[in-house]
Structures are given as C-alpha cells and as structure tokens.
Amino acid sequence: MRISCGARQNVRTAPTYALWYKDFGYTGGIPANATTPSFITPPLKTLRYFPLSEGPENCYGINRVPKGHYTLRIFFGLIKQPDFDNEPLFEISVEGTLIHSLKSGWTSHDDQVFAEALVFLLDGTVSICFHSTGHGDPAIISIEILQVDDKAYYSGPEWGEGVILKTTSRLTCGTSKPRFDEDYSGDHWGGDRYWEPIRTFGQNADEPRSTENSIKQASDAPNFYPEALYQSAVVSTDSQPDLAYTIDVDPNKNYSIWLHFAEIDALVTDAGQRVFDVLLNGDTIFKEIDILKMSGDRYTALVLNTTVAVSGRTLTITLHPKEGHRAIINAIEIFQVIAAESKTSSAEVRALQALKRSLGLPNRFAWNGDPCVPKEHPWSGADCQFDKSGSKWFIDGLDLANQGLKGFLPDDISKLIHLQSLNLSGNTIHGVIPSSLGTITSLELLDLSYNFLNGSIPESLGNLTALRRLNLNGNSLSGRVPGALGGRLLNGASFNFTDNAGLCGIPGLPTCGPHLSAGAKVGIAFGVSLSFLLLVICSVCYWKRRQNILRAQQIAARGAPYAKARTQFSHDIQMSRHHNHGHTRTAAENGPSLL
C-alpha cells in the first residue's frame with residue numbers, strides 16, 4: 001500500500017506507474033502543495049503537514065493491515081509556500097517505537113529524505129506518528145507499507161517480532177545510478193528497496209568492475225535481492241590494498257551489517273585466488289573470505305551478515321586482502337537494531353480515548369498514538385508505569401487540572417484500573433460523579449474540585465480504601481456524604497467537601513434531615529405519580545358523568561309540554577271507549593258509514 005499524502009484522488013507515477021492511494025480518513029493535519037527535496041522522492045504534487053496548533057504529536061492510523069512483516073518508508077517534503085520553514089525537523093515513531101530523527105541539512109542528502117524500517121505488524125493496524133521538536137511543522141509526502149517475507153533479514157536468535165531494523169545505509173557499489181528494486185526489475189517481495197550508488201570509496205582507493213553475466217542465487221528467498229545488484233562492484237588497488245568505507249552512526253547502538261559479494265572479476269577463476277578478512281571498526285569479524293569457494297562458483301551471490309555494538313559515532317568496514325588478488329565488494333546494507341517498545345494496555349488506551357471525547361480535549365493535548373510510548377513523547381498529563389510481568393504499560397496518574405475542559409466524566413474511566421492519582425480540578429466539567437469511580441481501588445488522590453458537578457456523592461467511593469486525599473469542594477453536590485467516607489476522616493485522610501450547598505452529614509457540613517435511601521426516594525416518587533394519575537382519571541370520569549346527567553335533564557325539560565298533551569289525549573280516548581262499551585252496534589244497524 002502506497003499513500004500520496006494530501007492527495008484527493010489516486011495517483012500513478014512514472015516510470016513504473018506505481019499506484020498511490022488518496023489520503024483520506026487516516027489522520028488530521030492540513031493538505032498542501034509539495035516541493036520534493038530530492039530526485040529520488042516520488043514525483044507527487046501534494047503533502048500533509050501538521051502545524052503545532054494541531055498538537056505536538058500526530059499519527060496516521062491505518063486499519064485492515066494483514067498480519068505480517070513489512071517495510072515502512074516515509075518520504076518527507078517541503079511546503080510549497082514562501083512563509084514556511086524550508087527544513088522542518090521532527091521525529092518519527094512506528095507502533096510506539098521511535099525510529100528516526102531528522103537532522104539539520106537533511107534536504108541536501110538523498111539518503112536522508114526518507115525514513116525506512118522493517119517491522120512486524122501483528123494486530124491488524126499500524127500507527128505512524130510524527131513528533132514535533134519545535135523546529136518547523138512535520139511535512140510528509142508519502143507513506144509506503146510493503147509486505148516482505150516473514151523471514152526477511154533473519155539474523156539469528158535475537159531476531160524476531162520484537163525487533164525493528166531501521167535502514168541506516170544501503171549502497172550499490174561500482175555504479176553511479178541510484179536504483180530502487182523495481183528499477184532493477186526486482187521481486188516485489190524484496191520491498192522495493194532504494195540503493196544509493198557509490199562508484200568509489202575514495203579517490204584512487206578502488207576501481208569499479210561490472211558484468212552483464214547472469215548472477216546465480218541472487219533473487220532467492222527470503223530477501224529476494226535483485227540480480228543486477230551483483231553485476232557491479234569496487235575492487236581495491238595496489239596503492240591502497242585495503243578497501244574501507246566509513247559511515248556516521250548513532251553511538252551506543254547495535255547495527256546489523258549485510259555484505260554482498262559475487263566474483264565478477266574475469267581475472268579470478270579459481271578458489272584461493274582472492275582471500276580477504278572483514279573488519280568492523282578494527283575488529284576482525286570474518287576471516288579468510290574466499291568468495292568463489294564459499295559461493296560455489298563465479299557469478300554467484302554470497303551474503304554475509306553480522307550484528308555489532310558500536311560505542312562511537314562512526315562505523316568503518318574494512319576489507320583487508322590476505323592472499324591473491326585485491327578485495328572486492330558489490331553492496332552494503334547497514335541497519336540499526338531497535339527493540340520494539342511494549343505498548344500500553346489496549347483497555348486503558350480505549351478508556352483514555354473515551355475520556356478525550358467526553359471532556360472535549362483540545363488539539364494541543366495531541367492524545368494520538370500510544371499514551372506511554374515512545375517514552376520521549378508521552379501524552380500530556382498522563383503518567384505511566386511499566387508492568388514487567390505483563391510486558392505492558394499502564395496509566396497510574398492523570399493530571400488535567402486547570403485546562404479549560406468541558407463535558408462530563410464517562411463510566412469508562414473505571415477501566416483505568418491502575419490509577420493512583422486523578423486530578424481534574426479547576427475545569428468546567430458537569431454532570432454526576434460516575435459510581436464506577438469506586439471500582440478503581442488503587443486511587444490514593446481524587447481531586448474533582450471547582451467544577452460544575454451535581455447530584456450526590458456515590459456510595460461506591462466508600463470502597464476506595466487506599467484513598468488519602470479527596471477534594472470535591474467548589475461544586476454543586478447535594479445529599480448525605482457516604483458514611484464510609486466520613487469515617488475515614490478519623491484515620492488521617494484529607495477530604496474537602498466545602499462549597500457544596502446541598503451536602504450534609506459530617507462535621508463541618510449542615511445536619512441532614514430524615515434520610516431516605518435512593519430506593520425509598522424512587523418508591524415515594526412513583527407512589528405520588530400514581531396517585532396523581534388516579535386523581536386525574538377519577539376527576540375526568542366524574543366530570544363526564546355530570547355532563548351526561550345535565551344533558552339528560554335538558555332534553556327532558558324541552559319535551560315536557562308535548563308529553564303532557566299526548567298523555568291527556570290518550571286518556572280521553574280510553575274514557576270514550578269505556579263509555580260506549582255495551583252500546584256497540586253493527587254496521588247494518590247504524591246504516592252506511594259516512595266519510
């Protein structure tokens with residue numbers, strides 16, 4: 001994976017048409033146009049820089065990285081604006097381990113315009129962080145994450161997942177053409193290494209050699225060196241039989257040295273015709289090297305590796321002839337061996353990130369990457385301790401007093417289980433004190449004074465038996481102080497509950513009235529609410545019944561006269577029928593009916 005920093009779309013670059021992905025969603029910072037400091041820098045037009053206002057630490061966080069062994073390479077850039085520092089100086093860490101510090105003058109040296117390291121990535125992510133040193137804003141043109149063989153650069157029992165190899169120098173000898181592995185048509189499993197050309201180690205000190213013959217055993221696993229690497233070399237001269245190369249290094253470090261040979265000199269055709277010793281800073285490391293004998297044939301690659309401790313600031317590699325022809329060498333690789341830092345407990349990192357979000361920590365805190373490593377750049381306000389038994393860092397102190405913090409305290413703060421000191425005083429934090437704080441049994445100091453906290457003091461704080469100092473003064477807390485805390489005052493603890501108008505229950509505070517438990521308060525509130533609801537329902541029912549009665553009475557009043565007349569008429573008819581009973585006559589008797 002290759003990322004073109006600051007780019008808004010994917011880019012392909014000549015001559016190999018490598019694909020560079022757009023830079024989106026990995027980090028903060030500001031995209032800008034770029035000036036490339038070297039001809040070996042990828043020909044990209046943008047970069048991303050990190051002003052100090054974004055904080056002293058900024059990181060690229062890249063997910064879904066398959067577990068494996070990787071070459072990581074970061075190219076630095078210059079912001080294409082006249083009012084910016086032309087040569088920023090900063091430091092780089094990978095997975096919490098510091099791997100590189102830019103030195104003044106880096107823009108004038110091709111092999112210093114990038115940082116490169118071999119690392120194992122095991123948890124599906126990679127964090128690459130840039131740490132400001134106060135000398136300009138870190139500016140990054142590109143990031144490459146290239147998978148290599150799991151056994152690449154295996155150097156012995158000390159090699160493994162806990163070791164990072166930082167590239168110090170990589171030379172191809174006897175040529176003046178700088179090349180990447182891809183330029184050599186090398187195998188992609190080699191990691192597309194950059195080879196700095198060195199035609200000579202010194203004036204009249206050596207002579208170049210080259211061949212077009214094929215080289216055997218060059219591109220073999222696990223390092224997959226390009227064959228063309230062995231088709232050029234330098235050979236010492238009669239006037240200076242020793243072939244020597246000196247490089248500046250950081251003192252008191254271990255270095256892994258890889259020396260590349262192939263017998264490409266037409267004058268050497270048999271074993272024993274060229275024999276030499278290899279010395280590092282004057283100490284003989286390899287004796288009687290016979291390339292043809294050790295490789296098995298002419299035009300066959302031979303690689304020698306060793307790791308040495310260097311106490312000074314220079315490393316000198318010397319090839320001293322012993323028999324026959326003069327010394328020869330094709331390529332050199334030098335890596336600084338760095339022990340990978342142990343990381344902070346992932347649960348505690350997540351807890352701090354939750355705290356960062358809930359309190360709205362400003363950018364100047366730069367809580368990015370790992371809280372405890374690199375040790376030179378811990379998170380502001382966080383104190384760390386190393387757990388040797390678990391090989392993890394943990395947080396044992398947080399001091400964020402008087403930082404203008406807002407928001408609230410999350411329950412996740414309880415996951416900082418090793419906290420001994422927590423000071424958040426003098427901010428504008430609101431809400432309640434989370435009862436989960438009472439589970440951090442290691443707490444010795446808790447200072448939440450002069451905030452806007454409300455509610456009651458959780459009973460769980462009484463479980464903090466190690467607590468020696470508790471400051472809750474200057475808030476809006478209310479209710480009874482837990483009895484367990486009040487009793488602790490008799491044992492020499494220092495607690496401050498003043499300036500909370502609603503607190504009561506210990507000497508120095510008002511006397512509490514009848515005290516009800518939280519459950520009782522909830523029960524009473526529920527009973528009152530239910531009673532009120534029943535009263536409302538009954539009132540509505542009574543009102544509706546009354547309305548129905550009144551409506552019925554009104555209807556009855558309007559229909560009274562008609563009802564009276566009808567009743568009288570019915571009575572008259574019945575009386576008439578009764579009077580004529582017995583005097584009934586047939587139609588024939590009465591004569592015809594007149595209509």
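In the lining of the largest cavity, four residues are nonpolar, two are polar and one is charged. This cavity belongs to a predicted model, and about 40 Å³ of space lies within it. The residues that line the largest cavity are Ser155, Glu158, Trp159, Val163, Leu165, Thr307 and Val337. In total, the structure holds two cavities of 30 Å³ or more.

The second largest cavity contains about 30 Å³ of space, and its lining consists of Thr71, Glu116, Leu118, Tyr153, Thr167, Arg170, Gly190 and Arg193. When these lining residues are divided by class, two are nonpolar, three are polar and three are charged. Strands β11 (114-121) and β14 (163-173) each contribute at least two residues to the lining of the second largest cavity. With regard to domains, at least three residues of this lining come from domain 1 (1-147), and at least three come from domain 2 (160-340).

Apart from the cavities, the model contains an open sheet of three strands, in which the order is β17-β18-β25 and the pairing is antiparallel. Strands β17 (206-210) and β25 (328-329) form the edges of this sheet, each of them pairing on one side only. Between strand β18 (residues 232-236) and β25, which run antiparallel, there are two bridges; in β25, Ile329 is the bridge partner of Val234.

Terms used
Residues are numbered from 1 along each chain as its sequence is written. This is a predicted model: local features need pLDDT of at least 70, side-chain atom pairs count only at pLDDT 80 or more; totals for chains, interfaces and linings use all residues. Side-chain values use heavy atoms; hydrogens and water are left out. On a 1 Å grid over the protein atoms alone, a cavity is a set of points where a 1.4 Å probe fits but cannot get out, and a pocket is an open set with protein on both sides within 12 Å along at least five of seven lines; lining residues have an atom within 4 Å of a point. Grid points are joined across faces, edges and corners, and a volume is the space filled by probe spheres set on the points. Ala, Val, Leu, Ile, Met, Phe, Trp, Tyr, Cys and Pro count as nonpolar, Asp, Glu, Lys and Arg as charged, and the others, Gly among them, as polar. Helices (H or I, at least four residues) and strands (E, at least two) are DSSP runs, numbered from the N terminus. Domain bounds come from an automatic or database domain assignment. Two strands pair if DSSP finds at least two bridges between them.
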